[in-house]
Amino acid sequence: MADDYLVRIGKLIRDARQHRGWTQTQLADALGTSQSAVNRIERGNQNISLEMIARIGEALDSEIVSLGYAGPMHLRVVGRRRLSGAIDVKTSKNACVALLCASLLNKGRTVLRRVARIEEVYRLLEVLNSIGVRTRWINDGVDLELVPPAEIDMNAIDAEAAVRTRSIIMFLGPLLHRMDRFRLPYAGGCDLGTRTIEPHMIALRRFGLDVAATEGHYHATVNHSVRPDRPIVLTERGDTVTENALLAAARHAGVTVIRNASSNYMVQDLCFFLEALGVRVEGIGSTTLTVHGVANIDTDVDYSPSEDPVEAMSLLAAAVVTESELTVRRVPIEFLEIELAVLEEMGLDHDRTPEYVADNGRTRLVDLTVRPSKLEAPIDKIHPMPFPGLNIDNVPFFAAIAAVAQGKTLIHDWVYDNRAIYLTDLNRLGGRLQLLDPHRVLVEGPTRWRAAEMMCPPALRPAVVVLLAMMAAEGTSVLRNVYVINRGYEDLAERLNSVGAQIEIFRDI
């Protein structure tokens, strides 16, 4: 292997390690080698086998080298190109993964329309296939069909795929009705700090589920005689927590009341899907859900998940940061009203069409046109709240938007331990972001963006924010190791190119 390749691989490994927040010693311990060996590898001074590269990639949860994988690895971005025309919002990532988990409730055939073809979905499909679920893309690869087995084989689970998605945690709710005991690998996904499953367990114990976490797995046992005898009060108004409680309640042959429930977009889509399965859910869109469960669900169901409000926010932010006029179509307006109110306060010039109904027959959509605007920093801080507040996943996009506004904006991302830290990667591109503490960032604008070569942050939304800043920067930037973006966005580079961006997909090795 040429010395130049060794140096380039070493740089990729070093950047991935630093983004993970590990020292060379920590990586060495994970690999069973020495710190000095890791140091030599990172400096390109040691021959390294493909097996070792794969082990390093697994340890760092980073795709150092891609073999036999047709998706993108790096992005080369030519900036300062104005966007124009119109772009459609894809179906919701978070709704699609919840519905894949919910398909385990059904003994019949499930068809999901226009499923987002993203890495998070692919990982869940690999897990579902491994335990016996038959899946296939139909209608020219647009829709997805799932047919469950008579018996699920959890011993055959694809652990490698499972640990790469946090969505695996939502298997707990459906499986507790099908099995007496099973085990799941620890949930993975974005690196957003410590997140406990205890809020899930507080709800699921009421259905007889007990979980012990040992040796990289959740070991679950179910006492089927236990049933909720009073309302379940969630200790965290989380989306996946609420979804897990709904999935458990759906096949409980009785009435389950869930309080302090999330009413966010993916929860509503899951409720609509459960209704298509014959489960009655009262209170959709509120914080109290009353579920009339069905012990046996065996029906052929056809459902269309709604569009993704966070992707819609991503596309709106792309227009704002690049000072473009762009129409974003099929925007689920109910879940972006607070964001748009804040942007209006900042001076955003935009208009919207009358509302129309999504393919699920329930969600309200509009088409939004954004125009170049002279933005001012908002008077109040930007901070998320449970729906109908500003969406937690939309907070990072305000870092890029605030960077092009006049004045200082305080962003308080109180939910996640690490995500605000990743936003300071914008400083590499000319931003002026000051990290006040792990949750608060002060953004000063306007920004003269400049090109840079960077490793992709290990969290989905900050990674896209960096990409958007590169699109606004003078010159050519490189964003390396973009697997995390592909976890949540379908063909993002190609779709942005269709409205005027210049983004090239390439691989080094």
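**Strand 14 and its partners**

I began with strand 14 (residues 326-332), which I find mostly covered, since six of its seven residues are buried. The model I am reading is a predicted one, and I keep that in mind for every entry below. On the parallel side, I traced strand 2 (residues 86-88), which pairs with strand 14 over three bridges, and I noted Val328 as the bridge partner of Ile87. I then followed strand 14 to strand 17 (residues 364-371), where five bridges join the two in the antiparallel sense, with Thr327 standing opposite Thr369.

Just before strand 14 I looked at Glu323, which sits in the loop between helix 12 (309-321) and that strand. Glu323 has a positive phi of about 55 degrees although it is not a glycine, and at a relative accessible area of 36% I record it as partly exposed.

**The chain as a whole**

Stepping back, I counted 18 helices and 23 strands in the protein chain. Its radius of gyration is 23 Å, close to the 23 Å that the globule rule gives for 509 residues, so I take the chain to be as compact as a globular protein of that length. The C-alpha trace spans about 60 × 60 × 45 Å along its principal axes.

I looked up burial next, and 58% of the 509 residues count as buried. The chain exposes about 19800 Å², of which carbon and sulfur atoms supply 46%. Of the contacts between residues at least 6 apart in sequence, I note that 73% join residues at least 24 apart. For charge, I recorded 56 positive and 65 negative side chains, with the centres of the two sets lying 2 Å apart.

**Strand 20 and the two strands beside it**

Strand 20 (residues 440-445) shows an alternation that I wrote out by face: Val441, Val443 and Gly445 point to one face and are buried, whereas Arg440, Leu442 and Glu444 point to the other and are not. I asked myself which strands pair with it, and found strand 18 (residues 407-412), antiparallel to strand 20 and joined to it by six bridges, as well as strand 19 (residues 432-437), also antiparallel and joined by five bridges.

Two residues of the buried face turn up again in these pairings, as Thr409 stands opposite Val443 and Leu435 stands opposite Val441. Strand 19 and strand 20 form a hairpin, with two residues between them.

At the end of strand 20 I checked the peptide bond between Gly445 and Pro446, which is cis, with omega about 0 degrees. Pro446 itself lies in the loop that leads from strand 20 to strand 21 (453-455).

**The mixed sheet and Ser263**

I next looked at a sheet of four strands, which is open, has the order 9-10-12-11 and is mixed in its pairing. Strand 9 (232-233) and strand 11 (280-282) stand at its edges with a single partner strand each, so one side of each is left without a neighbour in the sheet. Inside that order, five bridges join strand 10 to strand 12 (residues 288-292) in the antiparallel sense, and Thr256 stands opposite Val291.

Ser263 is placed in the loop between strand 10 (255-259) and helix 11 (265-276). Is Ser263 buried or exposed? I find it buried, because its relative accessible area of 5% falls under the 20% cut-off. Not counting residues up to four places away in sequence, Ser263 touches Gln268, Gly285, Ser286, Phe335 and Phe387. I also noted Arg237, 26 residues from Ser263 in sequence and 8.8 Å from it in space, C-alpha to C-alpha.

Phe387, one of the residues that Ser263 touches, is joined to Pro388 by a cis peptide bond with omega of about 15 degrees. I located Pro388 in the loop between strand 17 and helix 14 (395-403).

**Two further acidic residues**

Asp140 is found in the loop between strand 4 (134-138) and strand 5 (143-147). Its phi is near 60 degrees, a positive value in a residue other than glycine, and at 84% relative accessibility I count Asp140 as exposed.

My last entry is Glu494, placed in helix 18 (residues 492-497) and partly exposed at 41% relative accessibility. Glu504 lies ten residues from Glu494 along the chain, and I noted 8.6 Å between their C-alpha atoms.

Definitions and conventions. Residues numbered from 1 in each chain as written. Predicted model: local features only at pLDDT ≥ 70, side-chain atom pairs only at ≥ 80, totals over all residues. Heavy atoms only, no water. Rg over C-alpha atoms; globule rule 2.2 N^0.38 Å. Buried < 20%, exposed > 50% of the residue type's maximum accessible area, 1.4 Å probe, protein only. Contact = heavy atoms within 4.5 Å. Areas by Shrake-Rupley, 256 points an atom, 1.4 Å probe, with all protein chains shown as cover. Lys, Arg positive; Asp, Glu negative; His and termini not counted. Charge placed at Lys NZ, Arg CZ, Asp CG, Glu CD. Pairing = 2+ DSSP bridges.
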